[in-house]
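Visitor: I would like to learn how to read strands and helices in a model like this one. Could you walk me through it?

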Amino acid sequence: MYESNKNDSSKAKLYWTVGIIIAVAVAALLIWHTFFYGTENGTAATVGDQEFSTVEVTYYYNTVANNYINQAQQYKAYGIDMGYDTDKSPAEQTYNEEEGTTYADYFLDQALTQLQRTAILCEEASKEGYTLSADGEKAVQDNMTALYTYSVQSGAGSEEAYLRAIYGSKMSKSLFKDLLTQAILADEYATHKSETFTYTDEQLNKYYNENKNDLDSYEYRYCYVNADFPEQETDADGNTVDLTDEQKQTAMDGAKTKADSMLAAVQAGTAFNTAAQDVLDETSAESYSDPEYNHKTDLGSALTSTYQSWLTDGSRKAGDITSIEVADTGYCVVQFLGRKKDDNSYQTLTYRNIEVLAETTPSEDENGTDLPTDEQLAAAKTKADDLLDQWKNGDATADSFGELAKTNSADEANKDNGGLNEDANRSSLDANLTDWLFAEGRQPGDAAVVEASDSSGNVIGYQILYVESLGEIQWKYQATTALRSDDYDKWYTEVEANYPAELTDLGKEIAASSSNQ
């Protein structure tokens, strides 16, 4: 299913195509001579009246296979088995026993589907007169630059040699660029086509009435009370011994007792977060010392499955509270505070930011992270507050904020653009930014200083935020996205019938010959 996301579309296209090269670079040594390259460059597949060569089909095959194998490697590092043995070739592993197909067959099938999609969308774009945007052309160039970088890192000697090592002796730099261009054009046109589907307020309200549980906003609090499972022991041979059912049940019973105690305390009038602190370990309890911690407002469609059905139950009343078992983990205490059709919250907005990073002190642990001290953070906060006051005491416009960003922001990604972030989506931002930017009642012109954190949640400085404009109402955005997804799928299914895709005998050899050499 294709879903349009306007503010992320150009990035998605770039990441997808760069991802092809990255995946190849990561997995190339593993499968360097695994896949069929072929010496004959005849017709391997047809899509409608278009013919595609062995090299082109192999390109799609290897892209699909490399991405899948790379993902399997990453999952394996975390102890997750995708069912694919990265030490064997695709042709040596069964994908579907009933159908008698191998992973090589699966990869080839997926490759043909991707080839068909790209061919269809490029052809339909041509019929409409749609051409690659400036952003798309830049994405092509960025990918070709990345190709050079990876060819040097691989030691292949040249870009052409690198491509031939991966895609076979018939692959050329010019053909590779053409294939990348087609992929980016296909993605761009898919986004363009999806956005041609528009809807009246009457249609959106009709969709809302049919999907209230997903589109209403829910205000709630939650707290996970994790079971305290005993540490697993090892046997004489050093193998980890699984916990017994009795040990697991004892730990779960303990979590339930704590959750029930918290629930009873809240029902007796104790504040939710205060009650949470009484049943949690010291580290977790500290988070709940903030009275707003885990006080959330989300669309029904965004609620976690643990408590989604309970919160969206039409009989729910403000103040209702429950304890829900989370299998093999513990219990979750949830309190329902309210539900409404929210016409004041936005899914997207355009904002500007000025990043003020604190100085850091080297970690005493050589493998530790350099973090700022309280004094260094205080100095950064003072600087951020001073910059905000400077802006407020001046013109206090978007342009004047942008000028401050150019000369003061540490955000190298957008400082030269005046700190501009267009059509920012709730799902694409850090929580501290989202909480402020999308707070109920937010208006254009609002500005404030909020904490800036690293990927581990450590506060490293501050962001000065300025809301420039608001986008679509959240529930309308979600309704439009869902309707567009359905309409795009219907359109594509109808068009797809005009472009049947088939492999020739030569094309089928790509899977048949996919074995270690």
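**Reading sheets and helix pairs**

Guide: Gladly. Strand S1 (residues 43-47) is joined to S2 by four bridges, and the two run antiparallel. Please keep in mind that this is a predicted model.

Visitor: What holds strands together in a sheet, in general?

Guide: Strands of a sheet pair through backbone hydrogen bonds, either parallel or antiparallel. Here is one pair you can look up: valine 47 stands opposite glutamine 50 in S2.

Visitor: In what order do the strands of that sheet lie?

Guide: The order is S2-S1-S13, an open sheet of three strands with antiparallel pairing. Strand S2 (50-53) and strand S13 (501-503) each have a single partner strand, so they are the edges, and one side of each has no neighbour in the sheet. From one strand to the next, the twist averages 25 degrees.

Visitor: And which order do the strands take in the sheet of four?

Guide: That open sheet reads S10-S9-S12-S11, again with antiparallel pairing. Its edges are strand S10 (420-425) and strand S11 (447-453); each pairs with a single strand, so one side of each is left without a neighbour in the sheet. The twist in this sheet averages 40 degrees from one strand to the next.

Visitor: How many bridges join S11 to strand S12?

Guide: Seven, and S11 runs antiparallel to strand S12 (residues 459-470). To find one of these positions, start from alanine 448, whose bridge partner in S12 is leucine 465.

Visitor: Which helices pack on this sheet?

Guide: Among them is helix H13 (residues 374-392), which touches strand S9 (348-357), S11 and S12. The direction of H13 makes about 20 degrees with that of S12. Helix H14 (residues 398-408) also packs on the sheet, touching S9 and S12, and its direction makes about 35 degrees with that of S9.

Visitor: How should I describe two helices that pack on each other?

Guide: Two packed helices are described by the angle between their axes and the distance between the axes. Take helix H2 (residues 54-77) and helix H6 (residues 173-195): their axes come within 11 Å and cross at roughly 55 degrees. H2 and H6 are therefore oblique to each other, and their crossing is right-handed.

Visitor: Which residues make the contact?

Guide: From H2 come Val55, Glu56, Tyr59 and Tyr60, and from H6 come Leu175, Phe176, Leu179 and Leu180. Sorted by character, the residues of the H2 and H6 contact are seven nonpolar, no polar and one charged.

Note on methods
Residues numbered from 1 in each chain as written. Predicted model: local features only at pLDDT ≥ 70, side-chain atom pairs only at ≥ 80, totals over all residues. Heavy atoms only, no water. Pairing = 2+ DSSP bridges. Axes fitted to C-alpha atoms, helices over the stretch in contact; angles between N-to-C directions. Contact = heavy atoms within 4.5 Å. Parallel < 35°, antiparallel > 145°, perpendicular 65-115°, else oblique. Left-handed = near helix turned anticlockwise from the far one by under 90°. Nonpolar A, V, L, I, M, F, W, Y, C, P; charged D, E, K, R; others polar.
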